[in-house]
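Work through the following exercises with the sequence and the model side by side, and try each task before reading its solution.

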Amino acid sequence: MGADYRALGVVRSLGRRGIPVWVVKQGGHLVAATSRYARRTVPWPDGDDRKKVDFLLDLCAGHQLGGWMLFPTDDYTVAIVSSYHEELRRGYRLTVPPWEKLRWACDKRLLHQLAERLGIHQPWTAYPSTRGGFRGIDCPFPVILKPAIRLKPSSLAVPKVWLAEDRESLMARFDEASGLLGAQNLIVQEVVPGGGEEQISYAALCKDGFPLASMVARRKRQYPKDFGQLSTYVETIDEPQIIEPAERLLSALRFTGLVEIEFKRDPRSGQFKVLDINPRVWGWHTLSRRVGIDFPYLLWSLGQGKPVPKLRGRVGERWVHLSADLWMALAEILGGRLSLRSYLRSIRGPRESAIFAWDDPLPGVLDLPLFALAAGKRIVWPNSS
């Protein structure tokens, strides 16, 4: 479900093993649809969630897809599959839990409550729900406003976050954000200092909260640089400080499926603070293939009832989204924060590409012009999601 580079990783992982894959294409994303491993592409219909669910059920019945697995690849399609779990599971095998379980990972207010109960470090967070509440809140500036939960398709009209440096800008950002999302769907959170290089993720395939395969990775570069929408350069590392709290969260959730838990190290205290949980494939999930655990195939195996061995990904492997990374590197080099030699050294040698593959070249050929188009839109809408 989806045709961007995250979905492309799923298509290739399964298709290379001879497992038939169809792509449900939505929006302007299409690289996964051009993969030689995608046997068929079908358009995602316009309309409300009910129409989309009916479309999936009709697709299953009309093409004898009973027992096929649904792989949602963004927050919106995760929410659809999870919310209509009981209906969809009559035809498909599902890769996300039902909403009553998943909401604790998707709703940042509930995640905040769970982390607080478990004693896991997190940024200062509040969710007043009214304009008066936001005006009267005593918060440690700078802060960001962001949606507590995303249940609609992403849009260039809706920023990922709104940054506020003081009380006046907080209220201005609140008026803007609440007009788009509603006051009750907003949280305010302190800004943890540092860039993407301070963000560490624990990624795993779990069954009932127990990690079957896992790895830890650092986001070295991201686009945009602040509050990155996507990672551009990631490397696997050994960071035991986040493994224990991540696995404690997953155990409490009794989570089954693929998950990435994002932490950020606060240089003021040295603490790793939990930021977010992505209960689906994420941007750099294809790095798992290079470290020896290939998450989409293992998830497919789990859904088929096949045994999945306990695995831990190798450290020292790298992943790059080259078109986006070049854009970021140019800005860093021109700003004097990165030398050309250091950048070339970082991308030299064996690494996993987000999009290009020798056995499936067409998506890589299309990537650069498509990313240039998306970057151009960000120039028009610089705060876009």
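**Exercise 1.** In which strand is the place of glutamate 260, and is this residue buried or exposed?

*Solution.* The model is a predicted one, and the first step is to locate the residue in it, which places glutamate 260 in strand S12. The second step is to look at its relative accessible area, which is 2%; because buried means under 20%, glutamate 260 counts as buried. The third step is to list what surrounds it: leaving out residues up to four places away in sequence, glutamate 260 touches Ser201, Tyr202 and Ala203, and also Asp276, Ile277, Asn278, Trp282 and Trp284. As a final step, take leucine 344, which is 84 residues from glutamate 260 in sequence and, C-alpha to C-alpha, 28 Å from it in space.

**Exercise 2.** Find how many disulfides the whole structure has, and examine cysteine 206.

*Solution.* Begin with the idea itself: a disulfide covalently joins the sulfur atoms of two cysteines. A search of the whole structure gives zero disulfides. For cysteine 206, the closest cysteine sulfur belongs to cysteine 106 and lies 14 Å away, which is too far for a bond, because a pair must be within 2.5 Å. Accessibility can then be checked as well: cysteine 206 is buried, at 0% relative accessibility, and cysteine 139 is also buried, with a relative accessible area of 8%.

**Exercise 3.** Describe how helix H5 and helix H6 pack.

*Solution.* First identify the two helices, H5 with residues 99–106 and H6 with residues 108–118, whose axes are 6 Å apart and meet at an angle of about 80°. Because angles of 65 to 115 degrees count as roughly perpendicular, H5 is roughly perpendicular to H6. Next, name the residues that make the contact: Arg103, Trp104 and Cys106 come from H5, while Lys108, Leu110, Leu111 and Leu114 come from H6. Sorted by class, the contact has five nonpolar residues, two charged ones and no polar ones.

**Exercise 4.** Which residues have the most contacts inside the largest nonpolar core?

*Solution.* The largest nonpolar core has 46 residues, and those with the most contacts inside it are Leu249 and Ile261. Among the elements that give this core two or more residues are H5, H6, helix H9 (240–253) and strand S12 (257–265), and H9 provides the largest share, six residues. Setting aside neighbours within four places in sequence, leucine 249 is in contact with Leu111, Leu114, Leu118, Ile120, Ile261, Val274 and Ile277. Another core, of 43 residues, lies apart from this one and includes Tyr5, Ala7, Ala38 and Ala203.

Notes
Residues are numbered from 1 along each chain as its sequence is written. This is a predicted model: local features need pLDDT of at least 70, side-chain atom pairs count only at pLDDT 80 or more; totals for chains, interfaces and linings use all residues. Side-chain values use heavy atoms; hydrogens and water are left out. Buried means under 20% relative accessible area, exposed over 50%, partly exposed in between (1.4 Å probe, protein chains only). Axes are lines fitted to C-alpha atoms, for helices over the stretch in contact, and angles run from 0 to 180 degrees between N-to-C directions. Helices (H or I, at least four residues) and strands (E, at least two) are DSSP runs, numbered from the N terminus. Angles under 35 degrees count as roughly parallel, over 145 as roughly antiparallel, 65 to 115 as roughly perpendicular and the rest as oblique. Contact means heavy atoms within 4.5 Å. Ala, Val, Leu, Ile, Met, Phe, Trp, Tyr, Cys and Pro count as nonpolar, Asp, Glu, Lys and Arg as charged, and the others, Gly among them, as polar. A nonpolar core is a set of buried Ala, Val, Leu, Ile, Met, Phe, Trp, Tyr and Cys residues joined through side-chain atoms within 4.5 Å.
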